[in-house]
Amino acid sequence: MDLKLISVDPETEFELIEHYIGLLFKELFGEAAVPTKEQFASIQTQLADASAFHWAYKVVDGEKVVAFFTLGQSCSVFAKGRYGIINELWVSPESRGRGVGKQLLDAIKQLAGKKGWLRLDVSAPPTEQWQSTFEFYRKNGFELTGKKLKYLL
């Protein structure tokens, strides 16, 4: 496969972000977890404001979209400076098990290097159903860094 990463502009192409995030959320958490139109509108505004620290990409093989992901940037002393976060990553069901995920992670790692990041973080879905996703990241060089917690405001 000859994968090509194509940047998606949150201001002019947000419908692509909405579509692929909807597919990802529906698969991971069910239809009820997909953000509403109003929530997506708020997210679009926030992404446009954070464009210097957040990026979205569709991944094509020829003319066909085979994956989609978003990256964010953060910074901490613990990480020794700026680092990247894979916020969302979706591979089309028909492309899974064909090496697309590994090629995609390799491309993301190269992109992270170009941005000067020393670290790349990712969270796997928390349920046993998605244990294979967790193992996929481990097999591709990601290390367990501890438990992740969140607090909803």
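## Chat: a five-strand sheet and its helices

Visitor: Starting with Ile85: which residue stands opposite in S5?

Guide: Asp121 is the one opposite Ile85. Keep in mind that this is a predicted model.

Visitor: OK. How do S4 and S5 run, and how many bridges join them?

Guide: S4 and S5 run parallel, joined by three bridges.

Visitor: And what about S3 and S4, in which sense do they pair?

Guide: S3 and S4 pair in the antiparallel sense, over 10 bridges. Ile85 turns up here again, since Gly72 stands opposite Ile85 in S4.

Visitor: What's in the hairpin of S3 and S4?

Guide: There are four residues between the strands, and Lys80 takes a positive phi near 65 degrees in that hairpin. Lys80 is not a glycine, yet has that positive value.

Visitor: Is Lys80 buried or exposed?

Guide: Lys80 is exposed, at a relative accessible area of 68%, and sits in the loop between S3 and S4.

Visitor: Let's zoom out. What is the order of the strands in the sheet?

Guide: The open sheet has five strands in the order S1-S2-S3-S4-S5, and the pairing is mixed. S1 and S5 (120-122) are the edge strands, each pairing on one side only. On average, neighbouring strands are turned by 30 degrees against each other, ignoring direction.

Visitor: What packs on the sheet?

Guide: Helix H1, residues 14-29, packs on the sheet and touches S1, S2, S3 and S4. The direction of H1 makes about 75 degrees with that of S4. Helix H3 lies across S1, S2, S3, S4 and S5, running at about 155 degrees to S4.

Visitor: Back to S2 for a sec. Why is S2 largely enclosed by the rest of the structure?

Guide: Seven of the eight residues of S2 are buried, so S2 is largely enclosed by the rest of the structure. S2 also has paired strands on its two sides: S1 (residues 3-8) pairs with S2 in the antiparallel sense over six bridges, and eight bridges join S2 to S3, again antiparallel.

Visitor: Which residue is the bridge partner of Ile6 in S2?

Guide: Lys58 is the partner of Ile6. For the S3 side, the bridge partner of Ala56 is Thr70.

Visitor: How many residues lie between S2 and S3 in their hairpin?

Guide: Two residues lie between them, and in that turn Gly62 has a positive phi of about 70 degrees.

Visitor: Now H3. How far does it reach from its first C-alpha to its last?

Guide: H3 has 15 residues and reaches 21 Å, close to the 21 Å expected at 1.5 Å a residue.

Visitor: Which residues of H3 are buried?

Guide: Val100, Gly101, Leu104, Leu105, Ile108, Leu111 and Ala112 are buried in H3. Those residues cover an arc of only 125 degrees around the axis, so they lie on the same side of H3. On the other side, Gln110 and Lys114 are exposed.

Visitor: What do the buried residues of H3 pack against?

Guide: The buried residues of H3 pack against S1, S2, S3, S4, S5 and helix H4 (131-139). Just after H3 comes Gly116, with a positive phi of about 80 degrees.

Visitor: You mentioned H4. Which residue lies in the segment after it?

Guide: Asn140 lies in the segment after H4. With 9% relative accessibility, Asn140 counts as buried, because the cut-off is under 20%. Leaving out residues up to four places away in sequence, Asn140 touches Lys102, Leu105 and Lys109.

Visitor: Switching to the nonpolar core. Which residues touch the most other members of the largest one?

Guide: The largest core has 21 residues, and Phe69, Leu71, Ile86, Leu89, Leu104, Ile108 and Leu120 touch the most other members. Two or more residues each come from S2 (54-61), S3 (64-76), S4 (81-91) and H3 (100-114). H3 gives the largest share, six residues.

Visitor: Is there a second core, or what else is there?

Guide: A second, separate core has 17 residues, including Phe14, Leu24, Leu47 and Val65.

Visitor: Last one: what does Leu120 touch?

Guide: Leu120 touches Leu71, Gly84, Ile85, Ile86, Ile108, Lys109, Ala112 and Phe142, with residues up to four places away in sequence not counted. So Ile85, where we started opposite Asp121, is one of the residues that Leu120 touches.

Notes. Residues numbered from 1 in each chain as written. Predicted model: local features only at pLDDT ≥ 70, side-chain atom pairs only at ≥ 80, totals over all residues. Heavy atoms only, no water. Core = buried A, V, L, I, M, F, W, Y, C linked by side-chain atoms within 4.5 Å. Buried < 20%, exposed > 50% of the residue type's maximum accessible area, 1.4 Å probe, protein only. Contact = heavy atoms within 4.5 Å. Pairing = 2+ DSSP bridges. Axes fitted to C-alpha atoms, helices over the stretch in contact; angles between N-to-C directions. Expected span 1.5 Å × (residues − 1). Arc of directions from axis to C-beta.
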